[in-house]
Each structure stands twice: as structure tokens, then as C-alpha cells.
Amino acid sequence: MTMTASKAQVGEVVERNTLDDLRTRLRGELILPGTPGYDESRSIWNAMIDRRPAAIVRAVGAPDVVTGVQFAREQGLPLSIKGGGHNIAGLAVADGGLMLDLSLMRGVVVDPAARTARVEAGSLLGDVDRETQAHGLAAVLGFVSATGVAGLTLGGGFGYLTRRFGWTSDNVLSVDMITADGRTVHASAQENPDLFWGLRGGGGNFGVVTSLEYNLHPVGPEVMGGLIAWRGGDAPQVLEMYRALTKQAPPELTVAAMLRMAPPAPWLPKDMHGKPIVALLVCYTGPVDEAEKHVAAIKGFGSPVGDIVQRRTYVSQQSMLDATQPKGRRYYWKSEYLPGVEPELLAQAIAHAGRIVSPYSAVILFPVDGALNLLPEDHSAVGNRDAAYVLNITSSWDRADDDKSNIEWARATWQDMRRFSTGGTYINFQTADEGEERILAAYGRNYGRLVEVKTKWDPENLFRMNKNIMPRP
Ligand SMILES: Cc1cc2nc3c(=O)[nH]c(=O)nc-3n(C[C@H](O)[C@H](O)[C@H](O)COP(=O)(O)OP(=O)(O)OC[C@H]3O[C@@H](n4cnc5c(N)ncnc54)[C@H](O)[C@@H]3O)c2cc1C
């Protein structure tokens, strides 16, 4: 896959009147280099990615998406899709391409009786949470509220509710999509089931998704959750407690573990800021009057330096990590699925965390075991039904001069820790330098069927600004 300019550069090869024609066909905006809004639209979460599309279509509905797809195809422009702009590999933007920016398409319609929500593809997780929580319902989404719902869902998706209800994509009922030849199609278990199978894990490989329908679950509005931290020196004991606790935790309890430097957060004492900590991110989504007994062992363990595990709204829990992941820093991640967390793995995680070079970087363990393990591997494209945890080695820093040392730390940690992997890896956590071998690892034996779906729905590979599944010639 290449992100370089195409044969046709808008403004050079594309005639001015062709652009004017495009503009008149859109309800939304056409944004060109040098015009207001261009830099805001092309910039994404990971500042390592600095690409310049030739033109941006800010769509306000499915017809604009159809127009954008047809224009890119006719003009031979690489087509990229931007939802929340959170993809670490920068898949939302292509140099010299046409970017479909969906950030104005954020409508969410909840049907409380049916417990479903129809969500436009530019919505962020926080949009969906706020709308669904008004009815005491929630979709299975991720941990950071500014993430795009479509990118997350199409790659699989996991969060606080995954242990109870599976991958985010397991909770999708139907999808509306625009194909490479500009047709609008509906995919569900009944309609276009092959496409529906592929969309639940196969990313943006088949078309532009304009909306998704989710199955919702009664959750909140109050949950028991928050963060609790101990000194880094206590990490061996805390992680051993974590290992034993998560082995028998009810599905309603999700506890992620993090090793990092203490951020300058008000809930941590000033003298701890910048010092190593081990922290647990806790959320119990069962009946709130039963919650205390499920978190008692965590809250009573050792001598925490900060503890904000308490009753809080589910919406606040869903944005608890937002401040640690701001847009505009430099980011590089490595990730693996794990079958469990054994003492040797935890000891290695502690050793590598001791070599972190930036105050923002972390080694994180997210539990995902439970409902997703109960479905067969070929239930949908996402697969990885043997995963119990996600290991995420997240490197993050401010200055380009520090790229080398931070990337090296993440790579060295991963090289050592990948021996604990199931062999699978989360497609949505792959960086720009992870190519075919890692895409194959992410899909395992579902890859062959994904190629068939790709060959049928996008034989020309118009949708290639993604972790690309290559159509058969
Ligand atoms: C801070 C942070 C926290 C995260 N936390 C979690 C988490 O808790 N759980 C989790 O599962 N993942 C998490 N992720 C990973 C996240 O799922 C991916 O980064 C995902 O790609 C983000 O989607 P987006 O729409 O924001 O990305 P974008 O960069 O906008 O899009 C990425 C790609 O997705 C595809 N895509 C997006 N929208 C569409 C569409 N409408 N139609 C077709 N293809 C589309 C395209 O290929 C596009 O280029 C996190 C990422 C970040 C940066």
C-alpha cells in the first residue's frame, strides 16, 4: 500500500471547472489546500502523520459520500476516509488524495424499546454514549471518548463491556455502505450476509460505511469505576493481585493494568508526579448496589498513592483516559493478543516499563475474555476468539527529535514480549510500518474469506487506504 500522490493532482490535472462541478454537487463543503479549514480537517490524532490531501469533501450525508467516491474513481485519486481521525497508522489521510471527512455526520437515533441505535459514521464514542445513556442503555465501545465509532467498530472494537458482550462488532445489527461504484447497500444477517461478515472486523476495505445499527444493553447511568494507583516499586505485588483477581472476576468487572510515570493529575500527590506507578483502571457495570464488594479487594490492597474508584456516571467513566491521549502528540504503538497473564509476562512488563523514556508512555493490559471467546472463530472477520487480554505498548512523546528513542523502546519491549502472544494482533492498533505479515496475523484463518469478500465488493481496490486486503487478480 502506498500513500503517495496519484497520477492526478487536483488543481494540476483536474480541471478547475471539474472542481466547480464537484462543489455544486455537494451539500457539504469542498475544502482545497490553502483554504480555511484545510489544516484542521487534515490533521489527525497522531502528529507523526502529516499528509496533504489534494481535496477534502466534508460530507453531510450519504449522497455526498456517493459523489466523493465517484469523483475519486473518475479522477484516479487515492481515496481516504476520516471518521474520528484516531487511527495510529494515519489511515484517514493520503498525500495527494481525496479525503472523505465524515466528521459532520454525527447523528445518533436511539430506539429505547428495541434497545438499538442507528449511528452515523462520523460519530465519536462520546456522542453515542450520551445519546444511549439518556435511556439507561449503552453500546459496547472503547476507552477514549474522542475515538471514531466507525473505525473502531469495523476493526473489531473492545472496551469496558467487552467481557460481557463481546467485540463491538459482535453487537452490530446492520450497516449501510456506499460501494466503489457508488451504490448504497444494506448489510445484515439477512441482506448481503457475506459483506456483513467481512465488515465486522475487515475495516474500511469494502466501501464507505455511512451508518451502523447497534444492539444496546442496560448499563448505568451509575457504575462503580475509576483509577487507583500504587508506587512503581509495589508493581510485583499489585500485578500478582491483579492476575489472581482477573482470573475469577465476574464479566461485569473489567480491570485494566498500566505501568507508567504518574501524570500531573489532581488525584495523585504532587511528589509522585513523574515517578513510576502501577495503576488499575476499574469498572463494574453490574447492579451498583452490589458493586462495592467487587472492588473491595482492589481498594483495600497495600498502600495506594491515589484512589478515585467510586460511584460515577458511565459517561464520565468512558472519558476517564481522554486527558492521557491528547490529539497532536507523537505516538507509536505495538500490540499483541495474550491468552492470559502469567507471572513471567508480568515480570517482563515491569522490567520494560522501568526503561520507558517518555513520561507519557505505558505498558497496558486490557482484559477482553468472556463473551467473545464463546463464538466460533469464523463468526465474523474479526476472529481472535482465543484472546484473553490485549497487550498495548504505547509510546508517546512531544518532539520529533525524540522519535528514535521512543520508537526503539516500544519495538524492543514488543520484540521481547511477543513470545507471550496468541499469535494474533489487533488490526486497529497496528502502526504505519506494520504490513502484510501483521495483517495476516490479525486475521489468521479468516483472511482467505476476507479476500473473497474484497474481490466481490471492491475488485479494483479503490478502498486501499486501510490495512489492505488484496483482491484476487
Ligand atoms: C487514544 C485511542 C484510544 C483507543 N482506544 C480504543 C479502545 O478502547 N478500543 C478499541 O477497540 N480501539 C481503540 N482505539 C483504536 C481505534 O479503534 C482505531 O484507532 C480506529 O481506527 C479509530 O477509528 P477512527 O474513526 O477514529 O479513525 P480514522 O483515522 O478516522 O479512520 C481509520 C480508518 O478506519 C476506516 N474507516 C473509518 N471510518 C470509516 C467508514 N465510515 N467507512 C469505512 N471505513 C472507515 C478507514 O480505513 C479509515 O482510514 C483507540 C485509538 C486511540 C488513538
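What follows is a conversation about reading sheets, a helix and aromatic contacts in a predicted model.

Biologist: Let's start with sheets. How do strands of a sheet pair?

Modeller: Through backbone hydrogen bonds, with the strands running either parallel or antiparallel. In this predicted model, one open sheet has five strands in the order β5-β6-β10-β8-β9, with antiparallel pairing.

Biologist: Which strands sit at the edges of it?

Modeller: β5 (108-111) and β9 (184-188), each of which pairs on one side only. As for twist, the average is 15 degrees from one strand to the next.

Biologist: Walk me in from the β5 edge. What joins β5 to β6?

Modeller: Four bridges, with β5 and β6 (residues 116-120) running antiparallel. To find your place on screen, look for V110, which stands opposite A117 in β6. The two strands make a hairpin with four residues between them, and R115 in that turn has a positive phi of about 55 degrees.

Biologist: And how many bridges join β6 to β10?

Modeller: Five, again antiparallel, with β10 covering residues 208-215. You can keep following A117 here: its bridge partner in β10 is Y214. At the other end of the sheet, β8 (residues 172-178) and β9 pair in the antiparallel sense over five bridges, and there I178 stands opposite T184 in β9.

Biologist: What about the sheet with mixed pairing?

Modeller: That one is open too, with four strands in the order β1-β2-β4-β3. Its edges are β1 (29-31) and β3 (79-82); each has a single partner strand, so one side of each has no neighbour in the sheet. Ignoring direction, neighbouring strands here are turned by 20 degrees against each other on average.

Biologist: Where would I see parallel pairing in it?

Modeller: Between β2 (residues 55-58) and β4 (residues 98-101), which are joined by four bridges. R58 has D101 as its bridge partner in β4. Then look at helix α3 (residues 62-75): α3 packs on this sheet and touches β2, β3 and β4. The direction of α3 makes about 170 degrees with that of β4.

Biologist: On to helices. Why do residues three or four places apart point the same way?

Modeller: An α-helix has 3.6 residues a turn, so residues at that spacing end up pointing the same way. Try α13 (436-443), where R438, I439, A442 and Y443 are buried. Looking down the axis of α13, the buried residues fall within an arc of 130 degrees, so they line one face of the helix.

Biologist: Which exposed residues does the face turned away carry?

Modeller: E436 and E437. On the buried side, the cover includes β17, α12 and α14 (447-457).

Biologist: What follows α13?

Modeller: G444, with a positive phi near 55 degrees. A bit further on, N446 lies in the loop between α13 and α14.

Biologist: Is N446 buried or exposed?

Modeller: Buried, with a relative accessible area of 3%. Leaving out residues up to four places away in sequence, N446 touches W197, E377, D378, S380, A381, V382 and G383. By contrast, the C-alpha atoms of N446 and M272 are separated by 46 Å, with their positions 174 residues apart along the chain.

Biologist: Last topic, aromatics. How many aromatic pairs does the count come to?

Modeller: It comes to 14. Take Y337 and Y426: their ring centres are 6.4 Å apart and their planes are at 40 degrees, so the pair is tilted. This pair links distant parts of the chain, 89 residues apart. Y337 is in β17 (residues 330-338), while Y426 is in the loop between α12 (403-417) and α13. Both tyrosines, Y337 and Y426, are buried.

Biologist: Which residues form one aromatic cluster?

Modeller: W45, F143, F158, Y160, W167, Y331, W333, Y337, F366, Y426 and F429. So you'll meet the Y337 and Y426 rings again in that group.

Biologist: And which charged residues lie over the face of a ring?

Modeller: R329 lies over the face of Y360, at 3.3 Å from the ring centre. K334 does so over W414, at 4.3 Å from the ring centre.

How values were computed: Residues numbered from 1 in each chain as written. Predicted model: local features only at pLDDT ≥ 70, side-chain atom pairs only at ≥ 80, totals over all residues. Heavy atoms only, no water. Phe/Tyr/Trp six-rings, centres within 6.5 Å; stacked < 30°, edge-to-face > 60°. Buried < 20%, exposed > 50% of the residue type's maximum accessible area, 1.4 Å probe, protein only. Lys NZ or Arg CZ within 6 Å of the ring centre and 35° of its normal. Arc of directions from axis to C-beta. Contact = heavy atoms within 4.5 Å. Pairing = 2+ DSSP bridges. Axes fitted to C-alpha atoms, helices over the stretch in contact; angles between N-to-C directions.
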